[in-house]
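Work through the exercises below with the sequence and the model side by side. Each task is followed by a solution that goes step by step.

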Amino acid sequence: MMYSPSPTSNSSAVSNSCAFSRQLPQQIFTRREVIPPQNDVLWRIEYGAVRTLTWSEDGTFITLGYWGLGDLIGYPLSRVKPYQIECLTGVEVSIVPPHLWHQDIINALLSHIQQAEDLLSIVHRKPISLRLWQFLVWLSEKFGRDVDKGKLIDLNVTHQDIAEVLNTTRVTVTRLLQQLEEEGTVLRHKRRIILRLPNQLIKNYRSVAC
């Protein structure tokens, strides 16, 4: 049986988390800035979004994850080399030094692992069209918000960014997104993507590949 916290306990947890963050030094980074490597620091994201990535011998970028509000990131969480944390937006982080890693960190670590596994499972889907759709749904669940026309992915990711995540080409991503637009399942709005399917249908699409 899974435990579902009451509204009171959940509010208390959020309050404690906010109080914890306010006690920590904070730092601001700009879009596309790389967070400097430090092996003795973890960062808790208070605002914005980042991606973690590596690259192959031929220079091909490999995206390892996308991270947002409340996520814990840092070079100590990975053994992949090379490893880089790039800001996708303006980002504000709280700096969590090693002597505080025991405080409320285990849940963040579990979330980090689960999200990484979700993304890993998506990038191995076949065909590419399903892989793209699953990734859009994943982004909508992590960075989405409800709007009149559907679920807006409130993150500016380029076709090239998506191609790097899904191990395909920008041309393929562009072609498949155009097909989804023609089908009416996605809309474009100011360089953002809106998923137009009802929430239940989105869940059904996810379950097809599970």
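In what follows, a residue is called buried under 20% relative accessible area, exposed over 50%, and partly exposed in between, with a 1.4 Å probe and protein chains only. This is a predicted model, in which local features need pLDDT of at least 70 and side-chain atom pairs count only at pLDDT 80 or more, while totals for chains, interfaces and linings use all residues. Residues are numbered from 1 along each chain as its sequence is written, and side-chain values use heavy atoms, with hydrogens and water left out.

**Exercise 1. Confidence**

Task: Find the stretches where the pLDDT is below 50, and state how they should be read.

Solution: Begin with the overall score, where pLDDT is the predictor's confidence in each residue, from 0 to 100. The chain averages 82, and 82% of the residues score at least 70. Next, locate the weak stretches: residues 1-16 have a pLDDT below 50 and make 1 contact beyond near neighbours in sequence, a contact being heavy atoms within 4.5 Å. Residues 204-210 also have a pLDDT below 50, and this stretch has 10 contacts beyond near neighbours in sequence. Finally, apply the general caution that predicted coordinates should not be read in detail where pLDDT is low.

**Exercise 2. Strand order**

Task: Work out which strands stand at the edges of the open sheet of 4 strands.

Solution: Helices (H or I, at least four residues) and strands (E, at least two) are DSSP runs numbered from the N terminus, and two strands pair if DSSP finds at least two bridges between them. The order in this open sheet is β1-β7-β2-β5, and the pairing is antiparallel. Because β1 (26-29) and β5 (72-73) each have a single partner strand, they stand at the edges, and one side of each is left without a neighbour in the sheet. For a closer look at one pairing, take β2 (residues 42-47), which is joined to β5 over 2 bridges in the antiparallel sense; here R44 stands opposite L72 of β5.

**Exercise 3. Aromatic rings**

Task: Describe the geometry of the Y75 and Y83 pair, and decide whether each residue is buried or exposed.

Solution: Rings of Phe, Tyr and Trp (its six-membered ring) pair if their centres lie within 6.5 Å, with planes under 30 degrees apart counted as stacked, over 60 as edge-to-face and the rest as tilted. By this rule there are 6 aromatic pairs. In the pair of Y75 and Y83 the centres are 5.4 Å apart and the planes make an angle of 85°, so the pair is edge-to-face. Y75 has 7% relative accessibility and therefore counts as buried, and Y83, at 12%, is likewise buried. Lastly, W43 joins Y75 and Y83 in one aromatic cluster.

**Exercise 4. Cores and a covered helix**

Task: Identify which element gives the largest share of the largest nonpolar core, then examine how α4 is covered.

Solution: A nonpolar core is a set of buried Ala, Val, Leu, Ile, Met, Phe, Trp, Tyr and Cys residues joined through side-chain atoms within 4.5 Å. The largest such core has 28 residues, and those touching the most other members are Y66, L132, F135, L136, L139, L155 and L166. Two or more residues each are given by α2 (105-122), α3 (128-143), α4 (159-166), α5 (170-183) and β11 (192-195), and α3 supplies the largest share, with 8 residues. Another core, of 14 residues, lies apart from this one and includes I35, V50, Y83 and V91.

Turning to α4, 6 of its 8 residues are buried, namely D161, I162, A163, E164, V165 and L166. The elements covering them include β3 (50-55), β4 (61-67), α2, α3 and α5. E164 has a relative accessible area of 16%, so it counts as buried, and, leaving aside neighbours within four places in sequence, E164 is in contact with R51, F61 and T63. Just after α4, N167 takes a positive phi of about 60°.

**Exercise 5. Backbone details**

Task: Locate the cis peptide bonds from K81 to P82 and between K126 and P127, then place R32 and R191.

Solution: The bond from K81 to P82 is cis, with omega near -5°, and P82 lies in the loop between β5 and β6 (84-87). The bond joining K126 and P127 is also cis, with omega about 0°, and P127 belongs to the loop between α2 and α3. R32, in the loop between β1 and β2, has a positive phi near 75° and is partly exposed at 30%. R191, in the loop between β10 (186-189) and β11, has a positive phi of about 65° although it is not a glycine, and at 64% relative accessibility R191 counts as exposed.

Notes. Contact = heavy atoms within 4.5 Å.
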